Structures are given as C-alpha cells and as structure tokens.
Amino acid sequence: MSRIKRYNEFSNSGLAVILLNFERMKITHESPEKRVSSFTVEPLREYTDQEGSVEASRCIGCNICTQSCPASLDIGGYIRSTAAGDPAETVRIVFENLPFPAIIGRVCTHLCEDICVLNDTGGPIAIRHLKRFAADKFDDYGTILNVPRRKFIGKSVAVIGGGPAGLTAAYYLAIQGVSVTLFETMPELGGFMKSGIPRYRLPQDVLDKEIGFITGLGVEVKTSTRVGTDVKFSDLMREYDAVFIGVGNHKARMTGTPGSDAKGIVHATEFLQRVSYGEKINVGKNVVVIGGGFTANDASRTCLRLGAKKVYIMYRRRAIDRPGYPSSNAEEEMEEAIEESVEYLWEVTPFEYVSQDGKVSSVRYWQNEMVMEGRGRAKPVPKKEKVLELPADMVIEATGQETDFSFLEEEYLRQLRLTPQGHVIVDENGMTSIKGLFSGGDSTNINRDLITAVRDADTAVLGILNYLNVMDQIADERWLPFLDRWKKYSPTAAIKS
Ligand SMILES: Cc1cc2nc3c(=O)[nH]c(=O)nc-3n(C[C@H](O)[C@H](O)[C@H](O)COP(=O)(O)OP(=O)(O)OC[C@H]3O[C@@H](n4cnc5c(N)ncnc54)[C@H](O)[C@@H]3O)c2cc1C
Ligand code: SF4
C-alpha cells in the first residue's frame, strides 16, 4: 500500500471511531513491590489484543504527531494498521525509519504523545505502548519483513560504536548491499541500550531479538574492539570507502565534591554498566544519587532492586528545571520512581562527602534558593548558614558525560569541527568536516535520546550512499529511510508547495 493511500484511508475511518472511544485505554502497572523485587519485572503490562485495537482505533489519523517525532515515523499509518489488527504491517511501517520497534516501544521519550490532538479528549493515543504491543507479537522479524538480500555493491563502510546510531546505520547500509563492519569496545552491542538503561525497562531478550536481527543481515561485528586501541582510526579511513562514528558520550563528568576520593562514590554510567553486565554490587542501605535526568532515575531504581532501603535523588534546581521536563515521559519516570519509594530532594547543593575508614558515610548539603538573573534561567544559590546531612553508604553521580575523542589521531582531531559544547558538527547529509567521515547520535546531537540517534543515522545512511555514488544501484527506495516525512503532513509545508 502506498504511503499516501495508507494515510488517507485512515483519516476517513478514524473520525468515525473517535466518536465511540474517548478515554485512553489504561496501561496497567505492576505493583511497586513486585517491580523492585526483581530486574525481570517490567513496570508496564502489555495491552491485551482487545485493548490494543480499541486504543489504536481512537486515533483520528491527523498525523500531527509525526511532526514531533525526530525520526519522522509514519505514526498515523502504523496506528491504523494496529487498529485493523495487522501488527505485521505496523512493524513493517516502523522499519521504514527505525529498526527497533520493541525497544523504542518501551523506552522512547514519546514526544509524539505530548502533541497528540487527543490530549484533552480522553488522553493522547498510547503511541509508544502500541508499538511495543505490535512488535512483541513476533519473535523473528524475518518472517514478516522480507528484507532484500542485495548482492555486494562493491563498497564497504566501517561503523564505530554499536549503539542505536551505529546499529541503525549498519542495518540500512547492509540491506543495500554495502559491506558493513561494526566496531564496538564492549563485549556486547547496544551502547547505552545495553549498558545504561536497566533490564527492568529493557529486557535482554528484547535487545537480543532486535540487535540479532540486524547483525543477522550479514553485518560483520567486532566486539571487544576499541578503535584507537585495538584498531587505528587512520587505518579505517584508508581501508573503507566511508566511516560512520556513533561513539556516544561515555566519558564520565564527576563533580569533584570534596571527599570524592572515598570508596563508594561512583559515576552512574559506570555503576549501571557493571550491573548490566551482571555484577551484584553491594549498595548498602542508604544511597544518594546526584542528578535529575534519565540516568539518575535509572541509578536510583536500580539501587532499590539491589537491596537499598532508602534512595534519595538530589538535584540543585527545581523539579520543573530537571532534564527532559516538561514532558509526559519525565512525569511518568518520576511517578514510577516515587511509587517505588525514591525520594527527591530539589534545590540542594551537596558540598562534602563525609567518610569513615575511607568509605563514604554521609553527604553534607545546603538548601538552595532559586534566584532570577535578568531574563535567564533561575540560578541555584546555596543558603550556607544551615548545614544538612544525609546518611549514604554509596553516592552515585549522574552528572553527565561527554564524548571521548581520544580514539582519533592528532591529524583527525585537528580537522574535526566541534561545537563549543563538544558536539561533532555535521552537514545536512550527516557528514563531518572530514570528507567521507559521517557521525550521529549522542556525540553529535543535543537531544541525547534513542530516537534522535536513529534519525541521525537515517540521515547519514542517505548521505553515505550519495557520497559513495551508488544511489543509482538502489533497487527499491522503500528500503531507504524516509527522511522528514513530517513535511508531507505539515500544513505550512502544504501551503508553501
Ligand atoms: C542510564 C541511561 C538511561 C537512558 N534512558 C533513555 C530512555 O529511556 N530513552 C531514550 O530515548 N534515551 C535514553 N538514554 C539515552 C540513550 O541511551 C542515548 O541517547 C543513545 O543510546 C545514544 O546512542 P548512540 O548510538 O549515539 O550512543 P551509545 O548508545 O552511547 O553507543 C555508543 C557505543 O559506541 C561505543 N564506542 C565508543 N567509543 C568507541 C571506540 N573508540 N571504538 C569502538 N566503540 C566505541 C560505546 O562502547 C557504545 O557502545 C539513556 C541513557 C542513559 C545513560
Ligand atoms: S496526533 Fe494523535 S490522533 Fe493524530 S495521528 Fe497522531 S496519535 Fe493519532
């Protein structure tokens, strides 16, 4: 079915069903007690077949949501196929731009739901949950996708980093007959999908299914191989026709708070990575997590699952200033953490980690006052007259990371243009300031979420195929990512054209 026809049919049928089903179909949660008892219990329960199709049938097919999806998915199209009881078609539509429907169906920031026109009419369509609902019906996408097995077209690309950006690039290039070699430092692929996001939010079998499907298409995978140490970057630039970097941001930023040299103080990404690779870390009874975004929430909830009795999140600004807010995703994340007993301390400045016998025992902090400075953001100013203290057997700093560019040799480091904030600058084709070198994901965009990493890779795939001058060998454009679909549905774009 053509993409336009699919959309139009849905617009017509959707208006009728909205009159029947106003309220969003409730997504049921497992109880907090059950959730914290294990890493294998997902917080949200799957929709039943009936719930899924009733929820999908509320959608009116306006496709406004596509405009806020960084990867420009055809949301109206796949909600319609879900309503029609055709999850295979849903998966096929999602795969037009994104090769991880079950992963994104669990952990996407779902900004699309925030602008759904039904927000005030029974609640937004459960777009994210419906993607999971459809994708979970299939153990092997090979049975429904009929991905073409193209012959080698004589070009090879090195992909550095096996996170969502690198995996997406590998998928769309490999199905066009490009020979792809994927280099990953860690023993397993997935990037932060594996080493950051904990298993209770993203189960291992879901990762295995979707990553396995991509690598099964003939991508050569070199895990436990760090470019810059095990392989020279300059060799890749010489030996491959193009190189894509999706190295993320894995260099931890620690606060350097006095007392930081005590045992029991760790950065959140290191902590989550160790847990994700199976280490049973003894976190003690009381844990203090510093930060306010995804990573702080995941670290705090992981500690509860490791047996902590009291977990506090300390953030120096107000709740409304936390990363990712305002969004329903940030609200849901915090609600779940509070249900599980995480306590938030807003507007505080930890100024000393106290230790006993070389091990952290408490955190001293001040309450802040938020002071407006001109028209800028309110600034936290500590009220130092009163010292407050919380017991802590462990302190986890979720205070951000930056990209580690040490894998690049000097000559490339000099040529690679970065923003003042340290992001790789790319052009509209995803190419960096170095010819033949493309980039995407957390090292490159400021959103720092999965779906934007995927969008960057989609852009770079087309950029690479153009750069390699092989677009005339593309047998069927349906297997290329469809960039900027939102323009098709945008009223302003329609007026201009
Ligand atoms: C705890 C946590 C929770 C998160 N939760 C969410 C969420 O719920 N929803 C969401 O949308 N986003 C979430 N994010 C953000 C999301 O995970 C990232 O935006 C996304 O993974 C970025 O993708 P990427 O491919 O750019 O980088 P990454 O996923 O970081 O992957 C980069 C990969 O490159 C590898 N690498 C780095 N250097 C080299 C080298 N020199 N040689 C070989 N390999 C190398 C790394 O080992 C890594 O595997 C979360 C992040 C964290 C840390
Ligand atoms: S904005 Fe809401 S109603 Fe409109 S297509 Fe998207 S999900 Fe459906």
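**Reading contacts, helix pairs and backbone angles**

Mentor: Let's start at ligand 1, where an oxygen atom lies 2.9 Å from a backbone N or O atom of Phe192. This is a predicted model, in which local features need pLDDT of at least 70 and side-chain atom pairs 80 or more, while totals for chains, interfaces and linings use all residues. Residues are numbered from 1 along each chain, chains are lettered from A and ligands numbered from 1 in written order, and side-chain values use heavy atoms, without hydrogens and water.

Trainee: What makes the Phe192 pair a polar contact?

Mentor: A polar contact is a pair of N or O atoms within 3.5 Å (within protein, one must be able to donate a hydrogen and the other to accept it, and residues adjacent in sequence count only through two side-chain atoms). The distance for Phe192 is 2.9 Å, so the pair qualifies. A polar backbone atom of Asp449 is 3.2 Å from an oxygen atom of ligand 1, and one of Leu450 is 2.9 Å from an oxygen atom of the ligand.

Trainee: Which residues come nearest to ligand 1?

Mentor: Val107, Glu184, Arg201, His250 and Asp442, out of 34 residues around ligand 1. To be counted as near, a residue needs a heavy atom within 4 Å.

Trainee: How do you know which classes surround ligand 2?

Mentor: Look at the residues: Cys59, Ile60, Gly61, Cys62, Asn63, Cys65, Cys116, Val117, Ile125 and Ile127. Ala, Val, Leu, Ile, Met, Phe, Trp, Tyr, Cys and Pro count as nonpolar, Asp, Glu, Lys and Arg as charged, and the others, Gly among them, as polar. That sorting gives eight nonpolar, two polar and no charged residues.

Trainee: Why are helices H15 and H16 called roughly parallel?

Mentor: Helices (DSSP runs of H or I, at least four residues; strands are E, at least two; both are numbered from the N terminus) get axes, lines fitted to C-alpha atoms over the stretch in contact, with angles from 0 to 180 degrees between N-to-C directions. Angles under 35 degrees count as roughly parallel, over 145 as roughly antiparallel, 65 to 115 as roughly perpendicular, and the rest as oblique. H15 (294-305) and H16 (328-339) pack at about 20°, with axes 10 Å apart, so they are roughly parallel.

Trainee: Which hand does their crossing have?

Mentor: H15 passes H16 in a left-handed crossing, meaning the near helix is turned anticlockwise from the far one by less than a right angle (clockwise would be right-handed). Phe294, Asn297 and Arg301 of H15 make contact, defined as heavy atoms within 4.5 Å, with Asn329, Glu333, Glu336 and Ala337 of H16. By class, these are two nonpolar, two polar and three charged residues.

Trainee: What makes H3 oblique to H4?

Mentor: H3 (49-57) and H4 (75-83) pack at about 135°, with axes 8 Å apart. That value falls in none of the named ranges, so H3 is oblique to H4. Their crossing is left-handed. Ser53, Ala56 and Ser57 of H3 meet Ile79, Thr82 and Ala83 of H4, which divide into three nonpolar, three polar and no charged residues.

Trainee: What makes the bond from Tyr325 to Pro326 cis?

Mentor: Its omega is near 0°. Most peptide bonds are trans, and most residues other than glycine have a negative phi. Pro326 sits in the loop between strand S8 (310-315) and H16.

Trainee: What is the phi of Ser224?

Mentor: Positive, at about 50°, although Ser224 is not a glycine. Ser224 lies in the loop between strand S3 (220-222) and helix H13 (233-239).
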